[in-house]
Amino acid sequence: MATEENTEREKAHGGTERISAPTAMRHASGQLAQLLQCKPDSVSALKPTEDGWLANVEVVEIERVPDTASVMASYRVHLDEQGQLVGYERTRRYGRGQIDR
């Protein structure tokens, strides 16, 4: 049974509610991997925004042996409330074995 609060939320969001955080993480890594043809490694950050989700996804850009020599990249991924990718940008490129200081 819909409450008045839920009905107002649905009206404000065009009749649909925001996807959950775990679903947003899967959508961010999966859709980015499809576009880039790179294997996602992890989602290092996720936060809700007014119009969806913002995630940082780490991907393996160049796989090397040993894997500590692989080239990684961090991408900022913008999703709408339903989890569709609306934009992305590479924010950092680094060696897998590199540690931030």
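## Overall layout

Walk along this chain from the N terminus and the elements come in the order α-α-β-β-β-β. That makes two helices and four strands in total. Keep in mind that this is a predicted model.

The chain has 101 residues, and 30% of them count as buried. On the outside, about 6600 Å² is exposed, with carbon and sulfur atoms supplying 48% of that area. As for how the sequence folds back on itself, take the contacts between residues at least 6 apart in sequence: 39% of them join residues at least 24 apart.

## How the strands pair

Start with β1, which covers residues 39-49. Strand β1 runs antiparallel to β2, and nine bridges hold the pair together. The two strands make a hairpin, with two residues between them. If you want to find the register on screen, look for A45, whose bridge partner in β2 is N56. Another handy marker is V43, which stands opposite V57 of β2.

Strand β2 also pairs with β3, again antiparallel, this time through 10 bridges. Here G52 has D80 in β3 as its bridge partner. With β1 and β3 both paired to β2, how much of β2 is buried? Nine of its 11 residues are, so the strand is mostly covered by the under-20% cut-off for relative accessible area.

## The nonpolar core

Nonpolar side chains in soluble globular proteins tend to be buried together. In this model, the largest nonpolar core has 14 residues. The members that touch the most others are A28, L32, V57, V59, Y75, V77 and L79. Which elements give two or more residues to this core? They are helix α2 (21-36) and the strands β2 and β3 (71-80).

V59 is a good residue to click on if you want to see who sits around it. Setting aside neighbours within four places in sequence, V59 is in contact with L32, C38, K39, P40, D41, V71, M72, A73 and Y75. Two of the names on that list, L32 and Y75, are also among the core members that touch the most others.

## E61 and S74

E61 belongs to strand β2, which spans residues 52-62. The side chain of E61 makes a polar contact with the side chain of Y75, at 2.6 Å. Beyond four places away in sequence, E61 touches C38, V71, M72, A73, Y75, R90 and R93. Y75 therefore turns up in two settings: as a polar partner of E61 and as one of the well-connected members of the core defined by buried nonpolar-type residues.

Over in strand β3 you'll find S74. Is S74 buried or exposed? S74 is buried, because its relative accessible area of 7% falls under the 20% cut-off. Its contacts, leaving out residues within four places in sequence, are N56, V57, E58, E89, R90, T91, R92 and Y94.

## L46 on strand β1

L46 lies in β1. Its relative accessibility is 26%, so L46 counts as partly exposed, the class between under 20% and over 50%. Outside its neighbours within four places in sequence, L46 is in contact with A21, A24, M25, W53, L54 and A55.

How far apart in space are L46 and R76? The C-alpha to C-alpha distance is 9.6 Å, for a pair 30 residues apart in sequence.

Key
Residues are numbered from 1 along each chain as its sequence is written. This is a predicted model: local features need pLDDT of at least 70, side-chain atom pairs count only at pLDDT 80 or more; totals for chains, interfaces and linings use all residues. Side-chain values use heavy atoms; hydrogens and water are left out. A polar contact is a pair of N or O atoms within 3.5 Å; within protein, one must be able to donate a hydrogen and the other to accept it, and residues adjacent in sequence count only if both atoms are side-chain atoms. Contact means heavy atoms within 4.5 Å. A nonpolar core is a set of buried Ala, Val, Leu, Ile, Met, Phe, Trp, Tyr and Cys residues joined through side-chain atoms within 4.5 Å. Buried means under 20% relative accessible area, exposed over 50%, partly exposed in between (1.4 Å probe, protein chains only). Two strands pair if DSSP finds at least two bridges between them. Accessible areas come from the Shrake-Rupley method with a 1.4 Å probe; for residues, only the protein chains shown count as cover.
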